[in-house]
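Please take a moment to look over the chain before reading on. The paragraphs below are meant to be read with the sequence and the model side by side.

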Amino acid sequence: MRYLTRSFALGALWQGRAIGQFLGETQIAGTAAIRWVSVDPWGDRYRVSVHTAEDPDDENFGDLDNLPPLDPPDEDYVGQGRELALVADASEAIHQAARLTGARSDRWVNHGVAGEEYADLVRLRRGEGRARYLQ
């Protein structure tokens, strides 16, 4: 099971673990890019951040946080993304992520697993099957 139920997503956050969601392809100044959102425990709060990085078109590159950011505010803090919200409640953080990025309630994964969604996208572009994130 790749995706977390809402209760598991909240449980991960309450236990101090980040969650994320691959948002798909985009273009930044004519450059192919990908986006994902993360919700991270941040002290006694929860930080919602969006990440935009150059698309390496490599299904073996699963560590999205290490891709060079394309969003200028992200450039000083590779891997942290652009902060969209900092809230006191885990449920509110998930709500804000959906409101601000279009994240879906049924697509949250544990930190680091969003790279598998990206790999699915690359395989789809190469004609190697249907990307799971499109289902």
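What follows goes through the strands, then the cores, and then the empty spaces.

This is a predicted model, in which local features need pLDDT of at least 70 and side-chain atom pairs count only at pLDDT 80 or more, while totals for chains, interfaces and linings use all residues. Residues are numbered from 1 along each chain as its sequence is written, and side-chain values use heavy atoms, with hydrogens and water left out.

Helices (H or I, at least four residues) and strands (E, at least two) are DSSP runs, numbered from the N terminus, and two strands pair if DSSP finds at least two bridges between them. Strand S1, residues 19-28, runs antiparallel to S2 and is joined to S2 by nine bridges, with Phe22 standing opposite Trp36 in S2. Between these two strands the hairpin has two residues, and Ala29 takes a positive phi near 50° there. S2 is also joined to S3, again in an antiparallel way, by 10 bridges, and Trp42 has Arg45 in S3 as its bridge partner. This second hairpin likewise has two residues between the strands, and in it Gly43 takes a positive phi near 70°.

A nonpolar core is a set of buried Ala, Val, Leu, Ile, Met, Phe, Trp, Tyr and Cys residues joined through side-chain atoms within 4.5 Å, where buried means under 20% relative accessible area with a 1.4 Å probe and protein chains only. The largest such core has 18 residues, and among those that touch the most other members are Leu13, Val39, Tyr46 and Trp108. Two or more residues of this core come from each of helix H1 (6-14), S2, S3, strand S4 (82-87) and helix H2 (90-101). A second, separate core has 13 residues, including Ile34, Leu64, Tyr118 and Leu121.

Finally, consider the largest pocket, a pocket being an open set of points on a 1 Å grid over the protein atoms alone, with protein on both sides within 12 Å along at least five of seven lines, and its lining residues having an atom within 4 Å of a point. Its volume, the space filled by probe spheres set on the points, which are joined across faces, edges and corners, is about 200 Å³. Of the 21 residues that line this pocket, Trp36, Ser38, His51, Asp65 and His111 lie nearest its centre. S2 gives the most to the lining, with four residues, while strand S3 (45-54), strand S5 (109-110) and helix H3 (114-125) are among the elements that each supply at least two.

Methods
On a 1 Å grid over the protein atoms alone, a cavity is a set of points where a 1.4 Å probe fits but cannot get out, and a pocket is an open set with protein on both sides within 12 Å along at least five of seven lines; lining residues have an atom within 4 Å of a point. Buried means under 20% relative accessible area, exposed over 50%, partly exposed in between (1.4 Å probe, protein chains only).
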